[in-house]
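I opened the model today to look up how its helices and strands pack. My notes follow the display.

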Amino acid sequence: MTGAAVQRALRALLPRRLAVASGRCPAPLESVLPPAPCALAPPWTASSVRTLQLCSALCAGHNKWSKVKHIKGPKDEARGRMFMKFGMMIKIAVKDGGSNPDLNINLAHILEQCRNKNMPKASIEAAIKSVEKAKPVSQHTFEARGPGGCLLLIEVLTDNNSRSNQEIKRLLNKNGGTLSDGVRHNFTRKGVVATAAKTISTERALELAIEAGAEDVKETEDEEEQPLLQFICDMVDLNKVRASLEKQGMQIMSSGLEFVPSTLSPLDQDQLHAASTLIEALNDCPDVIRVWDNIQADS
């Protein structure tokens with residue numbers, strides 16, 4: 001049997017496996033493809049078959065924050081904060097790899113996100129040019145625990161370390177969180193390609209992930225509650241996975257490197273509300289770039 005035939009045979013198992021995994025339960029990650037060939041299979045099959053895992057977030061079917069009934073502030077204000085964060089991310093990317101997106105892939109990915117969110121071109125150019133004139137800044141990552149024991153990574157860009165430290169501690173203390181060493185070990189830096197979900201079935205999403213060489217696929221939502229699919233892969237495979245998905249006709253919304261949790265913290269409704277309040281307060285802090293979490297909403 002050829003390698004391609006093996007892949008086709010394995011893909012035929014997807015609907016049956018998925019039927020077991022699609023129940024709404026906080027089950028651990030389940031492998032959709034077998035992790036290793038049987039003992040009688042030829043040795044070359046070990047390298048031709050990739051293990052694809054079904055993220056538990058896919059079982060839930062929606063963004064965890066969709067369970068939080070919270071009235072957001074004025075859209076213009078939220079939009080301004082989002083553009084401010086993008087400006088900070090641009091400055092970091094330019095500082096690390098230069099201002100030419102053709103030579104700085106991280107900057108290219110960020111600029112793509114800015115365009116997808118309709119950030120004005122003038123604001124993008126101003127953020128790039130401001131790096132040379134800006135005060136010296138440093139980037140830090142705070143490790144913290146929030147309501148229900150959830151884990152948080154708080155990325156900060158600041159020109160005043162003392163001010164940022166005090167403000168992060170104040171926001172954590174006020175909203176049921178605390179600094180905690182060792183949280184970083186629960187997160188792994190991964191490549192993530194987000195695509196518009198449209199009417200793609202879960203089975204088709206899994207097939208696309210296999211074909212693209214992704215490790216996981218997760219269903220989520222963007223800020224406007226539009227369905228998204230996130231294809232998660234090794235950092236070095238990011239461009240390859242993106243190119244494969246584009247070839248299959250998928251609409252790419254964003255791609256880049258993100259912190260992906262290895263274990264999830266299930267939260268009930270009250271804990272989810274408290275965690276949402278804390279994360280929103282942290283995101284409102286001018287020095288905070290982004291907050292990563294390992295939250296899973298209880299079904």
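**Helix pair and sheet**

I looked up the handedness first: the crossing of H9 and H10 is right-handed (the near helix is turned clockwise from the far one by less than a right angle; anticlockwise would be left-handed). I note that this is a predicted model, where local features need pLDDT of at least 70, side-chain atom pairs count only at pLDDT 80 or more, and totals for chains, interfaces and linings use all residues. Residues are numbered from 1 along each chain as its sequence is written, and side-chain values use heavy atoms, without hydrogens and water.

Helices (H or I, at least four residues) and strands (E, at least two) are DSSP runs numbered from the N terminus.

I then checked which residues of H9 and H10 make the contact. They are Leu208, Glu211 and Ala212 of H9 with Lys240, Val241, Ser244 and Leu245 of H10 (contact means heavy atoms within 4.5 Å).

Next I looked at the sheet. It is open, with 4 strands in the order S5-S3-S4-S11 and antiparallel pairing (two strands pair if DSSP finds at least two bridges between them). I found the edges at S5 (178-179) and S11 (288-293), each pairing on one side only. S4 (residues 151-158) is joined to S11 by 5 bridges. Leu152 has Asp293 of S11 as its bridge partner.

Last, I looked up what packs on the sheet. Helix H8 (residues 161-174) touches S3 (138-145), S4, S5 and S11. Helix H11 (residues 269-284) touches S4 and S11.

Technical notes:
Axes are lines fitted to C-alpha atoms, for helices over the stretch in contact, and angles run from 0 to 180 degrees between N-to-C directions.
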